[in-house]
Amino acid sequence: MGACARVEVRVDGIVQGVGFRPFVHRLATGLGLHGVVGNDERGVLIEVEGNPEAVAAFTDAVRHRPPPLASVERVTTRPLPVTGEPGFRIVPSTGRDHGRALISPDVATCDDCLRELFDPADRRHLYPFINCTACGPRFTIVTASPYDRAGTTMAPFAMCPACAAEYHDPSSRRFHAQPVCCPACGPRLRLLVPAGTEDARPPGRWAEVAGDPIAGAANVLRRGGVLAVKGIGGYHLAVRADLEDAVATLRARKRRAERPFAVMTPTLATARHLCTTDPHEERLLTAPQRPIVLLARRHIPSTPRVPEPGLASAQGVRAGDGGDGSACGAEQRSGDVAAAVGPLVDASVAPLIDPSVVTLIAPSVAPCDRMLGVMLPYSPVHHLLLREFPQPIVLTSGNVSDEPIAYLDADALSLLGGLADAFLLHDRAIRTRADDSVVRVVRGREVPVRRSRGHVPRPSPLVRAARRPVLACGAELKHTFCLARGRHALVSQHIGDLENYETLRSFTEGVRHFERLFGIRPEVVAHDPHPEYLSTKYALERGDVQLVAVQHHHAHIASCLTDNGAAGPVIGVAFDGLGYGLDRTLWGGEFLVADLTGFRRAGHLATVPMPGGAAAIRQPWRMAAAYLADLSPSVPDSVRQGPTDGAAHLASISGRFPDGGHRDPADGAAQLTGLSMSFPDIGRRGHAEGNAGTAGLAVRERNAARWDAVTALAARAVNAPLTSSAGRLFDAVAAIAIGRDTVSYEGQAAVELERAAAPGEAGTYPCRIIGAGRAEGPGAGRADGGEEMFVAMGHDLVRAVVDDLGAGAEPGVVAARFHNGVARLIVEGCVRLREQTGLCVVALSGGVFQNARLVAGTTAGLEERGFTVLTHKNVPPNDGGISLGQAAVAAALSHPG
Amino acid sequence: LAHGAGGKATRTLIEAVFLEAFSNPLLAPLADGAVADGLAFTTDAYVVTPLFFPGGDIGDLAVNGTVNDLAMCGARPSYLSAAFVLEEGFPVEDLRRVTASMARAARDAGVPIVTGDTKVVQRGKADGCYITTAGVGTVDPAVRLRASAARPGDAVIVSGPIGEHGVTVMLARGELDIEADLTSDTAPLAGLVACLLDSCGQGQVRCLRDPTRGGVATVLNEIAGASEAAVVLDEDAVPVRPAVRGACELLGIDPLYVACEGRMIAVVDSGAAPAALDALRAHPLGAGAAVIGRIAQDPPGLVLLRTAFGGTRIVDVLVGDPLPRIC
Ligand SMILES: [Fe+3]
Ligand SMILES: [Mg+2]
Ligand SMILES: [Zn+2]
Ligand SMILES: [Zn+2]
């Protein structure tokens, strides 16, 4: 022995707030090494001294066996002169250069903490705020960097001596666990119910209930009441999942007509009981991120039952059947709540249902859906609540309609006061809201649907580092933003739909928070070129930066490339609802030849008018009308090229679309009184033919009153922008095949069409691919222009759907064959492009690729033909991933050549 | 085309070209008219397709439009001028119809047309008939209306149901074969303005705007921007006739962005609002007046719409032609 070495070990990554220094301390002392460890602005800096073999073993362990929550990106070493200083010390944090260190996402309660939580001998027995370095809230409570207690919402709670001892003890699981606390010193849970008596309830006043808040809250659930629960990233609304009346009440109050609710089950066993799960799905369910996992149900209820009387909380409320997109029951709201609260917290009421016989999820939870969103408890409050009430509960974000989730106590009480019968809340503030993440497994691969709590702000690695700090402003719906520095792209939590003011504020305030937290001053701002996106307008208003407009579908493909650590070039298939195209039409069924720095539009779905603009998105039957009117024998003629002058007749009328389903679609129809219409032949090519072929169609008959007027909008190009959107093609087919004429949430028609598709059906519809036109001018991006661009005739699929239905095919079979037809046209388009370019890697992105059936069919088809297929891993294929793609493009463009 | 739709593109064009070339303090606020030395002065060019539509034609539109621009400055209109650009071959009887309706409108508004000009251009160089009118009026020195004068707490009033003119003209083009029980709202508002100003104390009416191109949404955005305050609208309070709502739903457009030619937006001190509303409703052109929202402190420069759900939608200025934003 005798030989002695001293080495500096620098560790970059998520290594703070995750128990890294205690791990280093244990490791070093176990190996008989001396030295120091400390946090600095970049991560963890270690000096170890001793036997060179032990030093090597040490660095190896740091590299390859870090604590579970750590994410080690890089370990660098350099030799130092030996000092002979004995012992191993943890030194205070250094560095004032705020925020280069990364902050951990929020982490579900760990097994060690759970054991203590339910151990009567532990001093934190049943304490709802138990946590350690391996678990607990992080990102959502961070107020400032560096990450220490003063920079969290735990700052107001002074540690008691016992907690302080653990906090300072390197051998403790709670060494420097910033949110550490206990019943003696930490936050406190409270249960609030409306103040006053049954006869007189002053509105908006709440009173604390004495006794155990968890027991009281469980009773609210047991009695079918709506419970607002303050969670990690915001407030949830909860009801027991098996009572149709209770769930229908929640739907009515929340004004959420049809969109499925997620449930939280007390255990994995309960989840297995409700849904089929494979090991991959179970791993996701129990992962520290605890996302909502979309699982296939074992039992699919057909239609929601008519609510039965008898529940205190549901009296006076009759939800609609969920079939017409309208919210209802609001007028009864206040009275209903008042009626509900009397006996809710009577602790003597016994559980109504034995957990072992729970088999049912009420029909209204996820009406007619084959899938169910399931999550497991992830905070101590959930664990305690579901131990008291061990049944699946609906756990949905605490908001009304499309508003962002409530996260501040005062807002929650005022916004959710009319929705909830009781509040289970506490005095640990949430600094940043974060919705639950959503994920689904497709062909053994994890596809993110919403990336939020548990994932944010974990960085995504960029293939080409940003040479200057980048802010990417994202799109409009399912909005996220992204800050990038060097190789790190920090994608924000799910922000929501920007059209709401609260959401826009959450975006602008979120950008400021991220900039401060990570010490990033953006010098490059990337944005979507859509002129009406509020994120675009935000970008244009930021002064003193270099602006980079990244085409929507290029951003989709770039996000998929980044998720796969690839730079391209690839064949990029971007199928989504809509994105602003370079020719000012609305794209959405795109074949690109793309790399991170540029793209060429190499092919697309044939364009079709969207009669009434955004109205055609809320009313898929309009897309059916547009496609059917466009069907004609001489198809290439009906493929209209070039930019629309669809608004040419709007000179004196400038219309803004009432987006996002804020107005009940049925409303307008009801108010058509005063309008009478006459419908002479409008003389458009193929129109008469289309009409002749579709005269008997149910979709046409259901919408007869407005069919011809809407067809005329399309034909006359009055407020009927042209689109090549795949999402709109799915809409048209959903209206024709399964009668989904209007939607109450984004993507509903396609979701239901996927659900309807018969599982085993292998038949397919043909779709011509026609070479036409040339790559469009500035659209050629960096790639060489002048190549042939092809057009895929989505119209053929619509015609096949109509013919097949006419021949008596089942809607489920038709839906399946349509899916297979889309998959086939994608494969054929890619084969064409391979012949043209030699590329054999395909990246699939865009919201349409959340469709598991389509992804499965497309991937299988492509792999059969020898392609390598890239799909999303980290960010969603939908617009939630756009900001990462924008950042990746802006970063790549910062490199010369 | 994007530069004509009354949105942000129009404003950018105006700021980039005209404001730079003509730069002076009277032009700078880009209001409907300029006020100086007790005089209000305005001019407008009128192009509309079709020239004749239910409830009006380009003639009364050209008179009422300029009368209204004067009225929005708080002026009593005194005189108008009119200049015509006619396409060769424009039927004389159509011209007679137009001038007759101009004369009628001028008489109704009590403003004589005292000077004018006519040019005929070759066939194909114009679309039938364009009219430019200018007007002068006198302003009571006590009346000072400015878009920048709105203060938190003020009431936002509209003088009647919105969107009738724009929808009527759109349907009158006959391309859609939709017949609606609708007529343009074109009307001279000087009398209504006089009633309103009389009913309120000095300074209590902060500003008046006629929501022509770009509709109520665009005008309110201008007020919010100029006052550095928010306009918070109540969706349920905005008066829209069922036929307009139905047509807008069918066309896929939002009535808040549809032009009116005989309506005005008034921002009034909250204390004076009840009297203002009474005064407007007592006048035939203000029978459908309603308080549609309030000025608020936050967020400065934005127009928000409180929906029936209690949500707040941002009512933004359109950059150009409307395009869906949904992915
Ligand atoms: Fe998209
Ligand atoms: Mg004017
Ligand atoms: Zn723990
Ligand atoms: Zn303590």
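Colleague: Before I look at B:Phe22, what do buried and exposed stand for here?
Modeller: Buried means under 20% relative accessible area, exposed means over 50%, and partly exposed lies in between, with a 1.4 Å probe and protein chains only. This is a predicted model, in which local features need pLDDT of at least 70, side-chain atom pairs count only at pLDDT 80 or more, and totals for chains, interfaces and linings use all residues. Residues are numbered from 1 along each chain as its sequence is written, chains are lettered from A and ligands numbered from 1 in the order in which they are written, and side-chain values use heavy atoms, without hydrogens or water.

Colleague: So is B:Phe22 buried or exposed?
Modeller: B:Phe22 is exposed, because its relative accessible area is 51%.

Colleague: OK, new topic: which protein atoms hold the zinc ion (ligand 3) as donors?
Modeller: The donors (N, O and S atoms within 2.8 Å of the metal, or 3.2 Å for Na, K and Ca; water is not among the atoms, so sites may look incomplete) are the SG atoms of A:Cys110, A:Cys113, A:Cys132 and A:Cys135, lying 2.3 Å from the zinc ion (ligand 3).

Colleague: What spacing do those donors follow along the chain?
Modeller: The donors of the zinc ion (ligand 3) follow C-x2-C-x18-C-x2-C.

Colleague: Are A:Cys110 and A:Cys113 buried or exposed?
Modeller: Both A:Cys110 and A:Cys113 are buried.

Colleague: And how many disulfides are there over all chains?
Modeller: Taking a disulfide as a pair of cysteine sulfur atoms within 2.5 Å, the count over all chains is zero.

Colleague: What about B:Cys260, buried or exposed?
Modeller: B:Cys260 is buried, because its relative accessible area is 0%.
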